[in-house]
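Work through the exercises below with the model open. Try each task before reading its solution.

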Amino acid sequence: MGTELLPWVFTTGWASGINAYLVVLMLGIAQRFFEVSQVPAVLGRTDVMIVAAVLFVLEMFADKIPYLDSVWDSVHTVIRPMVGATLGYLIGHEFSSLEAAFSAATGGFTALAAHLVKAGTRAAVNTSPEPVSNVLVSTGEDVTVAGVVSLAFLNPWLAAAIAAVILIGGAFLVMFVLRKLKRLRRRYDEWGERHGIAPPREESTRRPPGDDTERLPERRR
């Protein structure tokens, strides 16, 4: 696969993991009206653009409703990587079959990684009771995808670098938030045990029969 197409495959794969229909629609517009050579001609077809536009509108609303966005993400766990792999294959299909397969794999795995980061972020955001956070996060994702894909038309390597930074940073953010939520849940369980709201944990309350020794306090983590 030509090195000039590698950043295109990575960028479109990352963007597909966040909003696949927006990526397909933007690439279709670029091919149809601006004749961008890197974009496969099939994406500029009228039927492809109409379907992508309709699905993008549906996702734009579903992605901003708490908990519905997580359901939507679950459904798209397979769809987004498939779109990323398909775009990768279409971008690299003019080369040998081995290079086309590598291009498809790169786009698919990148899309899957971006999707998992997105889904993890949304699961954390849904812990807040208000819908404002979902709207802000979803809008920010759409704007970021549109900006990075647009930049790829001018400077593919810079766009790929930005996508990589966002992907890595998002993964670390999700792990950090999940650790915080795990600690918060543990503290809540301990508080519930002290006030008799939650049942005591078996490992901390049960004693062997005939064991009258005083239980040592557990060391805090």
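Helices (H or I, at least four residues) and strands (E, at least two) are DSSP runs, numbered from the N terminus. The model is predicted: local features need pLDDT of at least 70, side-chain atom pairs count only at pLDDT 80 or more, and totals for chains, interfaces and linings use all residues. Residues are numbered from 1 along each chain as its sequence is written, and side-chain values use heavy atoms, with hydrogens and water left out.

**Exercise 1. Fold inventory**

Task: State how many helices and strands the chain has, and give the order of its elements.

Solution. Step 1: count the elements. The chain has seven helices and zero strands. Step 2: read from the N terminus. The order is α-α-α-α-α-α-α. Step 3: add burial. Buried means under 20% relative accessible area, exposed over 50%, and partly exposed in between (1.4 Å probe, protein chains only). Of the 221 residues in the chain, 39% are buried.

**Exercise 2. An arginine in α3**

Task: Is R80 buried or exposed, and which side chains does R80 contact?

Solution. Step 1: locate R80. It sits in helix α3, residues 68-92. Step 2: check accessibility. R80 counts as buried because its relative accessibility is 0%. Step 3: list polar contacts. A polar contact is a pair of N or O atoms within 3.5 Å; within protein, one must be able to donate a hydrogen and the other to accept it, and residues adjacent in sequence count only if both atoms are side-chain atoms. The R80 side chain makes one such contact with the side chain of E59, at 2.9 Å. Another, with the side chain of D73, is also given as 2.9 Å.

**Exercise 3. A serine in α4**

Task: Find the backbone oxygen that lies 2.4 Å from a polar side-chain atom of S103.

Solution. Step 1: place S103. It belongs to helix α4, residues 97-125. Step 2: classify S103. Relative accessibility is 0%, so S103 is buried. Step 3: identify the partner. The oxygen belongs to G88. Step 4: compare sequence with space. S103 and L5 are 98 residues apart in sequence, yet their C-alpha atoms are 9.0 Å apart.

**Exercise 4. Two surface patches**

Task: Name the residues of the positive patch and of the nonpolar patch.

Solution. Step 1: set the rule. Patches take residues with over 30% relative accessible area and no salt bridge; like charges are joined within 9 Å, nonpolar side chains (Val, Leu, Ile, Met, Phe, Trp, Tyr) within 5 Å. A salt bridge is a side-chain nitrogen of Lys or Arg within 4 Å of a carboxyl oxygen of Asp or Glu. Step 2: take the positive patch. R179, K180, R183 and R187 form it. K180 lies in helix α6, residues 156-194, and is partly exposed because its relative accessibility is 42%. Step 3: take the nonpolar patch. I65, L68, V71 and V75 make up about 330 Å². L68 is in helix α3, and at 37% L68 is partly exposed.

**Exercise 5. Positive phi**

Task: What phi values do E35 and Y67 have, and where do these residues lie?

Solution. Step 1: recall the background. Most residues other than glycine have a negative phi. Step 2: read E35. Its phi is positive, about 50 degrees. E35 lies in the loop between α1 (6-33) and α2 (46-62) and is exposed at 67%. Step 3: read Y67. Its phi is positive too, near 70 degrees. Y67 lies in the loop between α2 and α3 and is exposed at 54%.

Notes. Accessible areas come from the Shrake-Rupley method with a 1.4 Å probe; for residues, only the protein chains shown count as cover. Lys and Arg count as positive and Asp and Glu as negative; His and the chain ends are not counted. The place of a charge is taken as NZ of Lys, CZ of Arg, CG of Asp or CD of Glu.
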